[in-house]
Protein chains: 2
Amino acid sequence: MDHQQFRKYGHELIDWLADYMDEVETFPVVSPVKPGEIKSRIPASPPASAEPMERIFVDFRDLILPGITHWQHPGWFAYFPANNSPPSVLAELLTAGLGAQCMIWQTSPAAAELEESVMEWLREMLGLPEEMTGCIQDTASTATLCALLTAREKTTGYQSNRIGLQHPLKVYTSEETHSSIEKGVKIAGFGSNAIASIATDEHFAMVPQELEKQIIEDKKKGLHPCCVVATIGTTSSTAIDPLEDIGRICRRHHVWLHVDAAFAGTAAILPEMRHLLNGIEYADSFVCNPHKWMLTNFDCSAYFVRDPGALIQTFEIHPEYLKTGRDAEVKNYRDWGIQLGRRFRALKLWFVIRSYGVEGLKTMVREHLRLAQLFSGWLQADARFEAMAPVSVSLVCFRLNDGRPELQLNELNARLLQSVNETGKVFLTHTALKGKTVLRMMIGQRTTSEKHVRLAWDIIAEKAQELLAGD
Amino acid sequence: MDHQQFRKYGHELIDWLADYMDEVETFPVVSPVKPGEIKSRIPASPPASAEPMERIFVDFRDLILPGITHWQHPGWFAYFPANNSPPSVLAELLTAGLGAQCMIWQTSPAAAELEESVMEWLREMLGLPEEMTGCIQDTASTATLCALLTAREKTTGYQSNRIGLQHPLKVYTSEETHSSIEKGVKIAGFGSNAIASIATDEHFAMVPQELEKQIIEDKKKGLHPCCVVATIGTTSSTAIDPLEDIGRICRRHHVWLHVDAAFAGTAAILPEMRHLLNGIEYADSFVCNPHKWMLTNFDCSAYFVRDPGALIQTFEIHPEYLKTGRDAEVKNYRDWGIQLGRRFRALKLWFVIRSYGVEGLKTMVREHLRLAQLFSGWLQADARFEAMAPVSVSLVCFRLNDGRPELQLNELNARLLQSVNETGKVFLTHTALKGKTVLRMMIGQRTTSEKHVRLAWDIIAEKAQELLAGD
């Protein structure tokens, strides 16, 4: 394809995408295809000769699109959102077109310095401590792994990197923590037995007294407390771990504090929600994903640390073929994480923050918070339903409860979820809270407005009615 | 920005990108900005109010672009290439526009199944063993870390994931291996002391006898040989480790064999270069980056394994909130690597392979191989220069050598590199081979043609003349 053809097809694709953005609501949220259906229609072998873009694009539309689950659908109430936005998509286009590999400063100075700037913008927007600095990672999984590794190295005097992990270290996190913590603990060589799973209170938040008790017990046993992972907005229920209390315990016992605010952190751009991060001054590291709720398409995970020197000491390696004359004067972000290769991710965050302005982003977040309260109000006014967790941000956890035994309730709610999702109009997911099956109504899609939340409620109420009548 | 504005600005950006692709040759390859120059022009705080896209785009052009190092410049002879291509950029646009998060099958069935298909295409194109299967990772750093972790778990009976790494494991790789191996070994908790750095021969390839000797010695000491990383195309000189001999040693001693063919692997699509992968039947895992030499823009790293069960057993975690009714029937790629979140990377590889056809890709690779031989011929015909490594693929390693002492030669060649790069017409990087500073003429950019290679040679010859005359 030459550059004139790129121009031609580029225009066609932009038009198609603009239409898609307008029409995404007309698709079923979750693709209804069966396992194997898409693959069975793709040739087993690659084509020997070039195919025209017309044919490739027709296949994209007719073959791939029906197998897409539409994360940008206004009826997306599942998991956490992964928002894109028009300016973010345009920036990704530029990033792909420039094709710069941003492993070190010299390989794209603007990418490195814009990354530094937008991270400072974000720090200010979120009210993080001024001494925090950071870089963009791909995901919170990676950011958390970076935190665990830096904590591991700091606890062992940077010896584990050399001699392996020979000390019995402990990592503390609540029983409601994200799966990426266990994954990171395994990857970093601690072993999952190193995790102390701290009990949560009735709001699914870590009980700090239990944390301190465990740390003291472990110290007595000769184990080394290494890292506490606190969550601001757990995946199941957006529970808020009490950061100030946890932070003081970490300070007292000299334990690294990593704060996972992957989704809910964005809410801290609102002064009225800034309290979510009370205690952040105790954090050694912090992650928040603009690719979830800040309109910057996946992947863009902002990782902040108090001591970049510790991060760099954990990761730096200096092969001759990567040395440049500038290394002493610049930030080489290859030394700030796992991967050597890095995309120019700062560009999309820069486009988004400027295109919406901080006020524009605040307006969106406020509206989602309002919609969650609205939905929560409808729910509480309906005796068939039970609220299952505090609505700390914009996730409403609930279940249908007609008083039948717990195990049957779980099964009833699984059926409710399935019938709601089968409408194709909305998509919610489930979780388990202290053994109870719970539906998650997660309001955070850019295009979701009150009518979509109302539609979701109507569908839920209707399907509940059908289920209860049928049983 | 509404969708009509997206359409308007999308068209403008497509036109700009098409022009950029035409004009990239007019820019200096490496950005001439000084450290801090870009950042000093970016406001310290984010804008409160929305800014118009016109202003953002003007800033992109006037502020960011001068700080970009142009990886898609035909004068790019540095590092390894990171090629994009028009169809790949278009696919990235669609990926960003769909904004699907491909962590599990249900969250985008087409993404999961297309990934399976294009990986099968790639396996066939590269002539990999039929039993190999895999998925797309972001980078070879990540793929290699996955290999090290799977080897760690297999060697310890999947106990390290639970109890931590308590056995003294060893990892074997040549002294010419990529820095990501040491990084991965540190991350996975082995400690860098676990690395046995195996000597290389006069062609910078691992000496298999030395490998086996080391394995036997380590076993006698009670250490556990865990993984051998062989490189097909080292970063410094594209040296080719002797895979068949290494493979037989691994088989004999029951050691995991990971093959890092991040750059050079692509050459195996040519029948006449298939010999690069002789011995691949011994490999447990294999990585090749289509984002380097297969026109698929960064990031797209193809990771193949012989035993996906071992990979999954290393990484899988099943939190309630990610369970779906389909899990037994489908591939959930979140369990095939480090990160939970995943972009729809298969789309761009599919667009590229179809748009060029396998023959089109072969034609490009063949031309790069021809150009490398041409350059190598010029070099060998000029007595001032010395060829420093075999041209196994399309990298030519050389230095200026007028017979002065070694340390002075290193300094002379560093100066040569600097003066060549300061022209802004071409960009080469350096390495050290057995202590000698070497210039790397890496030919692999999509847009590089004979005239650009000729220009590079003319500049190198001219600058060499000036240096020798001036000394």
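Domain bounds here come from an automatic or database domain assignment. Everything shown below is a predicted model.

**View 1. Chain A and its two assigned domains.** Domain 1 of chain A is pieced together from 1-30, 69-85 and 357-471, while domain 2 of chain A is one run, 100-343. Take the centres over C-alpha atoms and you get 29 Å between domain 1 and domain 2 of chain A.

**View 2. Where domain 1 of chain A meets domain 2 of chain A.** On this contact, 21 residues of domain 1 face 22 residues of domain 2. Looking at the domain 1 side, helix 12 (346-380), strand 10 (395-400) and strand 11 (427-433) of chain A each chip in at least two residues. Helix 12 of chain A gives the largest share of that side, with five residues. As for chemistry, the domain 1 side splits into twelve nonpolar, six polar and three charged residues.

**View 3. Chain A as a whole fold.** Count the elements of chain A and you'll find 14 helices and twelve strands. The C-alpha trace of chain A runs to about 65 × 60 × 45 Å along its principal axes. Its radius of gyration is 24 Å, which agrees with the value near 23 Å for a compact globule of 471 residues. Buried residues account for 61% of chain A. Of the contacts in chain A with a separation of 6 or more, 74% link residues 24 or more positions apart.

**View 4. Chain A against chain B.** Here 123 residues of chain A and 123 residues of chain B take part in the contact. Helix 1 (residues 3-23) of chain A brings the largest share of the chain A side, 15 residues. That chain A side holds 61 nonpolar, 40 polar and 22 charged residues.

Conventions. Residues are numbered from 1 along each chain as its sequence is written. Chains are lettered from A and ligands numbered from 1 in the order in which they are written. This is a predicted model: local features need pLDDT of at least 70, side-chain atom pairs count only at pLDDT 80 or more; totals for chains, interfaces and linings use all residues. Two residues are in contact if their C-beta atoms, placed from the backbone, lie within 7 Å. Helices (H or I, at least four residues) and strands (E, at least two) are DSSP runs, numbered from the N terminus. Ala, Val, Leu, Ile, Met, Phe, Trp, Tyr, Cys and Pro count as nonpolar, Asp, Glu, Lys and Arg as charged, and the others, Gly among them, as polar. The radius of gyration is taken over C-alpha atoms; the globule rule is 2.2 Å times the number of residues to the power 0.38. A residue is buried if 20 or more other C-beta atoms lie within 10 Å of its own, exposed if 12 or fewer, and partly exposed in between; C-beta atoms are placed from the backbone.
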